[in-house]
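Hello,

Here is the structure I promised to pass on to you. Please open it alongside this message, and my notes on it follow just below.

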Amino acid sequence: METAFWIPPWLQPPWEQLLRQHRAGRLPHALLLTGIPGIGKQFLAEAFAAALLCQAPDDTGRACGVCEDCVLLQAHTHPDRILAPDPTEKSQEIHIESIRTLVAAESLTPHRSRWKLICIQEAHRMNAAAANALLKTLEEPTATSLFLLLTHRPGLLPATVRSRCQRLFLPTPPEAEALTWLQAQLPIEEAKPLLRLVHGAPLAALGLAKGPNRNQHDRALAGFIAVGEGRADPVQEAAAWNPIAPSVLLNWLGSWVSDLLRLAGTQCSTPVLHQAQEAALVALSRRLDPVRGHRYLRQIWEIEKTNLALLNPQLLYESLLIRWAKLLQSAP
Ligand SMILES: [Zn+2]
């Protein structure tokens, strides 16, 4: 990730598609970039914004990285690139005030360039009023503006907003391709299990390996096992999980339960994902009733599909862990 406006190599096809549309003068007013977390939506959006605003893109269409516009972009102070929500903001929801500010800025002519780029990250976090305010602007956009909506949960956006956007799905790369890239950043034996844990998203795997999340994950898994073994109290463990975002925790929980079900179903002795906890997982899998385990996994997936911003993490984790403890206690 050495250069400015890096484009993940596995996103080369969608990148080229965007450039082709740009060169043909056929860019829509709004693009909806979708794909699983850690696939690189943000990188693609940044690189494309830079390509449009840069004064001297290279022959392949990439921003130069050194002109005044590129420098402003990298400092996050370019007046024609508007970001919502404020990246420093911790709120789970995007409120109407943020969208109003952005819409007011959108209606002005660009300051420096031909384009005004409005980037809405995690667009599914818009509440109903915010989405409505955005919809009005999408219906009558300024000719020079391009909205980039980023989300891994397009289904949570109102259909009216989705229908105003051209959707660009960023596919998950084949495992071999992702591993080739990941193994240049991580020890080989770590790369594969991490990649599987995050459903094949290379940047999510790297983030997990390098970030504080790794310790959090290992501690949360240890707690999950302890509750299953009846050694820990579900409510106390839920409090320990509380700082972890539901989107992250539900993903982990799903992968732990999947691993257990694989072990329970196939009688193989090695967990696919979580080999460090092998002995404990094998023992738990023997007590797990596969039918009830699958039902539990489906419940996790159902919750993942809902608007997680509306859930209280503590209550959610308590209810999941209590169910988990009961599931194993009543096992034969
Ligand atoms: Zn430039």
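The domain assignment splits the chain into domain 1, covering 9-169, and domain 2, covering 212-329. Their C-alpha centres are 36 Å apart. Please keep in mind that this is a predicted model.

Let me start with the sheet. It is an open one of 5 strands, paired in parallel and ordered S2-S3-S4-S1-S5. At its edges stand strand S2 (81-84) and strand S5 (166-169); each has a single partner strand, so one side of each has no neighbour in the sheet. From one strand to the next, the twist averages 20 degrees.

Going through the pairings, S2 and S3 run parallel and are joined by 4 bridges, with Leu83 opposite Cys119 in S3. S3 and S4 are parallel too, joined by 5 bridges, and here Ile120 faces Leu149 in S4. Strand S1 (residues 30-34) pairs with strand S4 (residues 145-151) in the parallel sense, again over 5 bridges; Ala30 sits opposite Phe147 in S4.

Strand S3 (residues 116-120) deserves a look of its own. Of its 5 residues, 5 are buried, so the strand is largely enclosed by the rest of the structure. In a regular strand, side chains alternate between the two faces of the sheet. Both faces of S3 are covered, with Lys116, Ile118 and Ile120 buried on one side and Leu117 and Cys119 buried on the other. You may want to click on Lys116, which is one of those buried residues.

Now to the packing. The largest nonpolar core holds 60 residues, and Ala50, Leu148, Leu149 and Ala205 have the most contacts inside it. Helix H2 (residues 41-53) supplies the largest share of this core, with 9 residues. What does Leu148 touch, leaving aside residues up to four places away in sequence? Its contacts are Leu31, Leu33, Ala45, Leu117 and Cys119. Two of these names, Leu117 and Cys119, will be familiar from one side of S3. Apart from the largest core lies another, of 23 residues, which includes Leu249, Leu250, Leu263 and Leu284.

Finally, have a look at helix H11 (residues 234-241), where Pro234, Glu237, Ala238 and Trp241 are buried. Viewed down the axis of H11, the buried residues fall within an arc of 105 degrees, so they line one face of the helix.

Happy exploring, and do write back with any thoughts.

Best wishes

Methods:
Residues numbered from 1 in each chain as written. Predicted model: local features only at pLDDT ≥ 70, side-chain atom pairs only at ≥ 80, totals over all residues. Core = buried A, V, L, I, M, F, W, Y, C linked by C-beta atoms within 7 Å. Buried ≥ 20, exposed ≤ 12 C-beta atoms within 10 Å, placed from the backbone. Helix = DSSP H or I, 4+ residues; strand = E, 2+ residues; numbered from the N terminus. Contact = placed C-beta atoms within 7 Å. Arc of directions from axis to C-beta. Pairing = 2+ DSSP bridges. Axes fitted to C-alpha atoms, helices over the stretch in contact; angles between N-to-C directions. Domains from an automatic or database assignment.
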